[in-house]
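I sat down with this model to look up a few side-chain contacts and one helix, and I kept my notes in the order in which I looked.

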Amino acid sequence: VAAQTTVQTLGQRFLKSAPNDEAAAKQWLADQVQQINDQIIDESRKNENYQGMGTTLVAAIFFNDRQKIVIANIGDSRGYIMHQNVLTQVTIDHSLVNELVKNGDLTEQEAAVSPQNNIITRAIGISHDAQIDVNVFPFEPGDQLLMCSDGLSNTVTDEELRREVVAADKEGCCQRLLRVALERGAPDNVTAVIAQL
């Protein structure tokens, strides 16, 4: 419910009041996510079936004329940019294991198999301060954006992601990634979107 509310509300508001440039987009995304966060918290208070609901988010706004992309994230849903066949994760996971890796308490390999890798430190609907990261990146013709949930990124390696994104058959790319993640027993929802200028 939290994820559906977030996606629908953000999409509807974008259609009504899309920002005109990168600075406006950064502020717009931060404001909208905070408002949606408050809405979800309010709904979870009114309906006991929704208590404790929350969601992660990765969202992007393209500015074709400037060759820029604004990417926002909260939680462990990720954004990657493919530039000249190099796939780079451009978002930072807001997760316990990522904090442990940054502090030197876990290696990347240990984090990948940690039983705590599903614990997130930020999300929409969990606290009154929905602290998102919003950044602007260059995005040139031919570049590709991959946005995905942790059900995919925790199941498929970055190299496997890169191979699929670089493949000529874009139509089936997300479906193939979904199939691989599910065959490997994805521990969470699996979502993937690929966009290209």
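The entries below go through aromatic pairs, salt bridges and the surroundings of one helix.

**Entry 1, aromatic pairs.** I note at the outset that I am working with a predicted model. I searched the whole structure for aromatic pairs and found two. For the pair of Phe-14 and Trp-28, I read a distance of 5.8 Å between the ring centres and an angle of 75° between the planes, and since planes over 60 degrees apart count as edge-to-face, I entered the pair as such. I then looked up where the partners sit: Phe-14 belongs to helix 1 (residues 2–17) and Trp-28 to helix 2 (residues 22–46), so that the pair, 14 residues apart, links distant parts of the chain. Phe-14 is partly exposed at a relative accessible area of 33%, whereas Trp-28, at 10%, is buried.

**Entry 2, salt bridges.** My count of salt bridges came to 10. I looked first at Arg-66 and Glu-22, whose closest N and O atoms are 3.0 Å apart. Arg-66 lies in the loop between strand 1 (57–63) and strand 2 (68–74), while Glu-22 is in helix 2, 44 residues apart from it, and I therefore marked this bridge too as a link between distant parts of the chain. Arg-66 is partly exposed, with 34% relative accessibility, but Glu-22, with 16%, is buried.

I next took Lys-102 and Glu-99, which form a salt bridge with an N to O distance of 3.5 Å. Both are in helix 3 (residues 96–102), and because they are three residues apart, about one helical turn separates them. Lys-102 is exposed at 53%, and Glu-99 is partly exposed at 30%.

For Asp-133 and Arg-122 I read 3.2 Å between the closest N and O atoms of their salt bridge. Asp-133 is in strand 5 (residues 133–138) and Arg-122 in the loop between helix 4 (108–113) and that strand. I also noted that salt bridges with shared partners join Glu-22, Asp-65 and Arg-66 into one network.

**Entry 3, helix 7.** Which residues of helix 7 are buried? Within residues 173–183, I listed Cys-173, Arg-176, Leu-177 and Ala-181. They cover an arc of only 130° around the axis, which means that they lie on the same side of helix 7. Gln-175, Leu-182 and Glu-183 are exposed on the other side. The buried residues pack against helix 5 (150–153), helix 6 (158–166) and strand 7 (192–196). Finally, I noted that helix 7 is followed by Gly-185, which has a positive phi near 80°.

Definitions and conventions:
Residues numbered from 1 in each chain as written. Predicted model: local features only at pLDDT ≥ 70, side-chain atom pairs only at ≥ 80, totals over all residues. Heavy atoms only, no water. Phe/Tyr/Trp six-rings, centres within 6.5 Å; stacked < 30°, edge-to-face > 60°. Helix = DSSP H or I, 4+ residues; strand = E, 2+ residues; numbered from the N terminus. Buried < 20%, exposed > 50% of the residue type's maximum accessible area, 1.4 Å probe, protein only. Arc of directions from axis to C-beta. Contact = heavy atoms within 4.5 Å. Salt bridge = Lys/Arg side-chain N within 4 Å of Asp/Glu carboxyl O.
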